[in-house]
Amino acid sequence: MQPTFKPENVKVENGIMTPEVLWSMGRIGNLSVSPDHQKVLFTVTYPNIGNNSFNTDLFVMDADGTNRQRIDTQFKNNWSFSFSFGGKKKAVEVEKKAKRNTVSAVNWRPDGQKITFLSEYNGDRQLYEMNPNGKEVVQITDIPGGISNYKYSPDMEHLLFIKNIKLDETPEDIYPDLPKTNARIEDDLMYRHWDNWHDYKYSHIFVAPYQKERFIIEATDIMEDERFDTPLQPFGGMEQIIWTPDGQKIAYTCKKLSGKNYALSTNSDIYLYDLENKTTINLTEENPGYDKNPVFSPDGLRMAWESMPRDGYEADKNRLMVKDLETGRVIDYTANFDQDIHAPVWNLMGDALFFISNRHATEDIYRINLPGGDIHKITDGKNNYTSVIPAGGQLITTRMSMSAPTDIFAVNPVDGSAKNISAINQPILNQINMGKVEKRWITTTDNKEMLTWIIYPPNFDPEKKYPTLLYCQGGPQSSVSQFWSYRWNFQMMAANDYVVVAPNRRGLPGFGREWNEQISGDYGGQNMQDYFSAIDTMAKEPYVDEENLGAVGASYGGYSVYWLAGNHDKRFSAFISHCGVFNQEMMYTTTEEMFFVNWDLKKPYWEMPEKHYDFSPHLFVEKWDTPLLVIHGGKDFRIPYTQGMAAFNAAKLRGVPSRFLFFPEESHWVLTPQNGILWQREFFGWLDKWLKK
């Protein structure tokens, strides 16, 4: 069976990236290294633009990138399948209709003899195993309703899996004589989250003995009757759940709060469940903020994890904590390290940890030696590392930049040298003339130095004048680092003949806590002046067309655009706001995670209307006079779509040229291929109309 298409079949005309080319690129996921460190397993997901869907292919290669093979995971007619008589599995020949099988949660079995994955081939999503060459597919679980993820114990004596359990009553349960009713009855907060309504179910961990000769058809719920989720909803993954090295305990991340209390707090903890005595203890009870992503040292005597100290602050310093499980002693190894850490992992000897950290708008790999705690930066360059796995004498990592999507790299842990061992999209990238990405330090109004990325059009001619875009970052505390995006793609903007100005304004990480935390309670303050510093400085360049400047952004960046529209003093000639906050009072009582607005706006608007809500963009609509494109998703519950509707309606009532691009089935992002391409076409159509006059 062949992939949907091959990257080498994509043709790029004149070296210029288009939305169709961007949405033809494969996306790497499910990276894992075999237990013997000799093989690398990963998936590549390809958008199918015509079908408006995605197809996933599975690959195995040697750890140096050689001998790469695509594994055919299609279940064929007359394939050898294992089914159950009284729980016992038996391999037989069965007839199945040939069809493409989509796999997920791909990994190695702990002994390295099998590749494991989830599939809905037989109906519900179940766990399967197969040989590394794709043959001898065997179904492992047959759990009613299916499972969403899994992990084998290191000794392969047990298997844990994640399953949704219905614990709350629906209106149909309460009123069984109204089986066709379509309603919700809510008595507390957190009835919806980011892009999903609470479905009366909770994500729990189940454990069962693993026996090669039997189906797993039932298991023990280690969170029985608990109305809590693990992993954390909606973005947590299996990095939040881990076995102890001896296979006798399970550590998991959970925020054991509900309703209003859940909405107001970030206090998640790490719990340890003992299989033998079936007891659970809280390992991080003393910390009031986020605790998540536990990793055990190879000897099982220490646990490292990510931790934030303050409750209610989702962008607090992310620390590296290590707990001695025998003595209970906890050490913050980043107490004197003015950076966040992410994705910690032990080295194979257990005397050091690797992690990812942002410094000056790039994400790099660091090593911390124990017990001393000295920290060393391993990698450097104009790129972002996003994960790291120790594998023998090297590190297997993922890396991206503003000029390249994610690929797999082998990194020398001593000198930081890196080799691209996947190069999935190289046939496409080889045809694209990327614009130059430049790092520039710009002086702000309060005499600070602000790192700003400048991205130039391909074939840049310094003698020409180019329309220029100010990029406003979201978050509000998300770094303008070397990321690759399928919407906010700087090279795509440059390919459309725009100079892009992307400042790391106040409120962004990578420049110390003081810089990062300035924005809380000051949405319309110094950080907005930072935007002006960036665009005013660049407007003096001879190649920037100061008469044709635009400002674009999403989320807090969309808020920034609305605010700038009423305060820009004729600087800009066009605006685009995606999922932006227009009315902060409306935002406070319609968003879902109340800790977010409580921290950033300090208090509800009815308690302190005199200050922080004065920055609300809707208060400056009388000054709006610049063309505005508003984009919003109907399933955006973080910033509900009525915010975008209100902004568009206000612009129309003011007589401002405006357009509303609405995606009923998209959320805070645009994730489907054809909507993604439409987004790009409307985005540049609007900018070209007003900035290329």
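In the predicted model, F355 is buried, with a relative accessible area of 0%. This residue belongs to strand β26, which covers residues 352-359. The C-alpha atom of F355 is separated by 26 Å from that of E438, a residue 83 positions away along the chain.

Across the protein chain, 57% of the 693 residues count as buried. The secondary structure comprises 12 helices and 40 strands. The radius of gyration is 26 Å, close to the 26 Å given by the globule rule for 693 residues, and the chain is therefore as compact as a globular protein of that length. The C-alpha trace spans about 75 × 60 × 55 Å along its principal axes.

Aromatic contacts were searched for throughout the structure, and 48 aromatic pairs were found. One of these pairs is formed by F235 and W669, whose ring centres lie 5.9 Å apart; because their planes stand at 80°, the pair is classed as edge-to-face, the angle being over 60 degrees. The two residues come from distant parts of the chain, 434 residues apart. F235 is located in the loop between β16 (220-221) and β17 (241-243), and W669 in the loop between β40 (658-663) and α12 (673-691). F235 counts as exposed, at 53% relative accessibility, whereas W669 counts as partly exposed, at 24%.

An edge-to-face arrangement is also found for F337 and Y366, with 5.7 Å from centre to centre and 70° between the planes. F337 lies in the loop between β24 (330-332) and β25 (342-346), while Y366 lies in strand β27 (residues 362-369), so this pair ties together parts that are 29 residues apart in sequence. Both F337 and Y366 are buried. Elsewhere, eight aromatic residues are joined in one cluster, namely Y471, F483, W488, F490, Y498, W679, F683 and F684.

Aromatic rings also take part in contacts with arginine side chains. The charged end of R399 sits over the ring of F409, at 4.0 Å from the ring centre. In a second case, R192 lies over the face of W197, and the distance to the ring centre is 5.2 Å.

Side chains of opposite charge can pair when their charged atoms come close. The structure holds 33 salt bridges. In one of them, the side chains of R125 and E120 meet at an N to O distance of 3.0 Å. R125 is partly exposed, with a relative accessible area of 31%, and E120 is likewise partly exposed, with 44%.

A salt bridge with an N to O distance of 3.9 Å is formed by the side chains of K464 and D497. K464 is placed in the loop between β34 (449-455) and β35 (466-472), and D497 in the loop between α5 (490-495) and β36 (499-503); the pair therefore ties together parts that are 33 residues apart in sequence. K464 is partly exposed, with a relative accessible area of 37%, and D497 counts as partly exposed at 29% relative accessibility.

The salt bridge between the side chains of E593 and R638 has an N to O distance of 2.4 Å. E593 lies in the loop between α9 (584-590) and α10 (594-601), and R638 in the loop between β39 (628-633) and α11 (642-653), so that parts 45 residues apart in sequence are tied together. Both E593 and R638 are buried. Salt bridges that share partners further join R310, D316, D340, R513 and E517 into one network.

On the surface, I174, Y175, L178 and I185 make a nonpolar patch of about 360 Å². Within this patch, Y175 is found in the loop between α2 (171-174) and β13 (192-193). Y175 counts as partly exposed, at 44% relative accessibility.

Note on methods. Residues numbered from 1 in each chain as written. Heavy atoms only, no water. Phe/Tyr/Trp six-rings, centres within 6.5 Å; stacked < 30°, edge-to-face > 60°. Helix = DSSP H or I, 4+ residues; strand = E, 2+ residues; numbered from the N terminus. Buried < 20%, exposed > 50% of the residue type's maximum accessible area, 1.4 Å probe, protein only. Lys NZ or Arg CZ within 6 Å of the ring centre and 35° of its normal. Salt bridge = Lys/Arg side-chain N within 4 Å of Asp/Glu carboxyl O. Patch = residues over 30% accessible without salt bridge, like charges linked within 9 Å, V, L, I, M, F, W, Y side chains within 5 Å. Areas by Shrake-Rupley, 256 points an atom, 1.4 Å probe, with all protein chains shown as cover. Rg over C-alpha atoms; globule rule 2.2 N^0.38 Å.
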